[in-house]
Amino acid sequence: MRLAQRRFLAPERIDMGMLADELDINRVTLYRWFGSRDDFLVEVIWSLALRTFDYVKAKVSAQGAERVVAVVVGFLDTIITNPGAQRWLGEEREHAMRLLAGPQTNFQHRLINALQNLLEEEVNASRLDLAVDLHELAYVIVRVIESYVYLDLITGKQPEFERAAERVEPILRMLLRAEA
């Protein structure tokens, strides 16, 4: 897993055969451990996404809606500007989007849960008062994130952090009923 994470961040293609050779194991063993290349990619990307989400969350000192906005924008910034993510999304385009947003994997579900947990932390600490289901709100926020991460696939325009942040912040504030 760590070798694949390093390869992804390098940014290099994750090739199961090359990984098996480098680890001096049989390729069948690698597939037995992780399943298909798609399953393995999802696990690698999720481990990096969760580490990024937790890192951004720990850095943010704001509370309530501002904390949620700062975490989401910081997470989005890291994803959009990451060379590994840029390479992967650029080379494997529709396949990458299908793995991260499609029903055949649990990546999107896990990201929704991470955001729901963040929302619950703020609600439970009485720093955020929302009259909507937090799981549904987390789902909507993930879809907003995806729309900017996959901007190239959806509209043909390259994702740019400044553009994304400028558009995402007011949308999040509206969803969270926060003042600008």
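The following questions and answers concern aromatic pairs, salt bridges, the nonpolar core and unusual backbone geometry in a predicted model.

Reader: What is the geometry of the pair formed by the rings of Phe 8 and Trp 88, edge-to-face or stacked?

Author: A pair of aromatic rings is described by the distance of the centres and the angle of the planes. The count of aromatic pairs in this structure comes to four. For Phe 8 and Trp 88, the ring centres are 6.1 Å apart and the planes stand at 70 degrees. Planes over 60 degrees apart count as edge-to-face, so the pair of Phe 8 and Trp 88 is edge-to-face.

Reader: How many residues apart are Phe 8 and Trp 88?

Author: Phe 8 belongs to helix α1 (residues 2-9), whereas Trp 88 belongs to helix α6 (residues 83-101). The pair therefore links distant parts of the chain, and the separation is 80 residues.

Reader: Is Trp 88 buried or exposed?

Author: A residue is called buried when its relative accessible area is under 20%. Its partner Phe 8 has 5% relative accessibility and counts as buried. Trp 88 has 2% relative accessibility, so Trp 88 is likewise classed as buried.

Reader: Which helices are linked by the pair of Phe 53 and Phe 75?

Author: The rings of Phe 53 and Phe 75 form an edge-to-face pair, with 5.7 Å from centre to centre and 80 degrees between the planes. Phe 53 is buried at a relative accessible area of 3%, and Phe 75 is buried with a value of 3%. The two residues are 22 places apart in the chain, and the helices that they link are α4 (residues 37-59) and α5 (residues 64-81).

Reader: With which side chain does the side chain of Gln 116 make a polar contact?

Author: Gln 116 is located in helix α7 (residues 107-124). Gln 116 has a relative accessible area of 15%, so it is buried. When its neighbours within four places in sequence are left aside, Gln 116 is in contact with Leu 134, His 135 and Ala 138. The polar contact, at 2.7 Å, is with the side chain of His 135.

Reader: How many residues apart in sequence are the parts tied together by Glu 66 and Arg 173?

Author: Side chains of opposite charge can pair when their charged atoms come close. The whole structure holds 12 salt bridges, and one of them joins Glu 66 to Arg 173, with the closest N and O atoms 2.8 Å apart. Because Glu 66 lies in helix α5 and Arg 173 in helix α10 (residues 161-175), the parts tied together are separated in sequence by 107 residues.

Reader: Is Glu 66 buried or partly exposed?

Author: Its partner Arg 173 has a relative accessible area of 15% and is buried. Values from under 20% are called buried and those over 50% exposed, with partly exposed in between. Glu 66 has 30% relative accessibility, so Glu 66 counts as partly exposed.

Reader: Which residues are linked with Arg 67 in a network of salt bridges?

Author: Arg 67 forms a salt bridge with Glu 121, at 2.9 Å between the closest N and O atoms; because Arg 67 lies in helix α5 and Glu 121 in helix α7, this pair ties together parts 54 residues apart in sequence. Arg 67 also meets Glu 122 in a salt bridge of 2.5 Å, N to O. Arg 67 and Glu 122 are both buried, whereas Glu 121 is partly exposed at 30% relative accessibility. The residues linked with Arg 67 in the network are Lys 57, Glu 121, Glu 122 and Arg 127.

Reader: Which residues have the most contacts inside the largest nonpolar core?

Author: This core has 60 residues. The elements giving two or more residues to it include α1, α4, α5, α6 and α7. Leu 115 touches Phe 53, Val 72, Ala 138, Ile 141, Val 142 and Ile 145, not counting residues up to four places away in sequence. The residues with the most contacts inside the core are Trp 88, Leu 115, Leu 119 and Leu 176.

Reader: Where is the place of Pro 11, and is the peptide bond from Ala 10 to Pro 11 cis or trans?

Author: Most residues other than glycine have a negative phi, and most peptide bonds are trans. Pro 11 is placed in the loop between α1 and α2. The bond from Ala 10 to Pro 11 has omega near -10 degrees and is cis.

Reader: What is the phi of Asp 24?

Author: Asp 24 is found in the loop between α2 and α3 (27-34). With 71% relative accessibility, Asp 24 counts as exposed. Its phi is positive, although Asp 24 is a residue other than glycine, and the value is near 60 degrees.

Technical notes. Residues are numbered from 1 along each chain as its sequence is written. Side-chain values use heavy atoms; hydrogens and water are left out. Rings of Phe, Tyr and Trp (its six-membered ring) pair if their centres lie within 6.5 Å; planes under 30 degrees apart count as stacked, over 60 as edge-to-face and the rest as tilted. Helices (H or I, at least four residues) and strands (E, at least two) are DSSP runs, numbered from the N terminus. Buried means under 20% relative accessible area, exposed over 50%, partly exposed in between (1.4 Å probe, protein chains only). A polar contact is a pair of N or O atoms within 3.5 Å; within protein, one must be able to donate a hydrogen and the other to accept it, and residues adjacent in sequence count only if both atoms are side-chain atoms. Contact means heavy atoms within 4.5 Å. A salt bridge is a side-chain nitrogen of Lys or Arg within 4 Å of a carboxyl oxygen of Asp or Glu. A nonpolar core is a set of buried Ala, Val, Leu, Ile, Met, Phe, Trp, Tyr and Cys residues joined through side-chain atoms within 4.5 Å.
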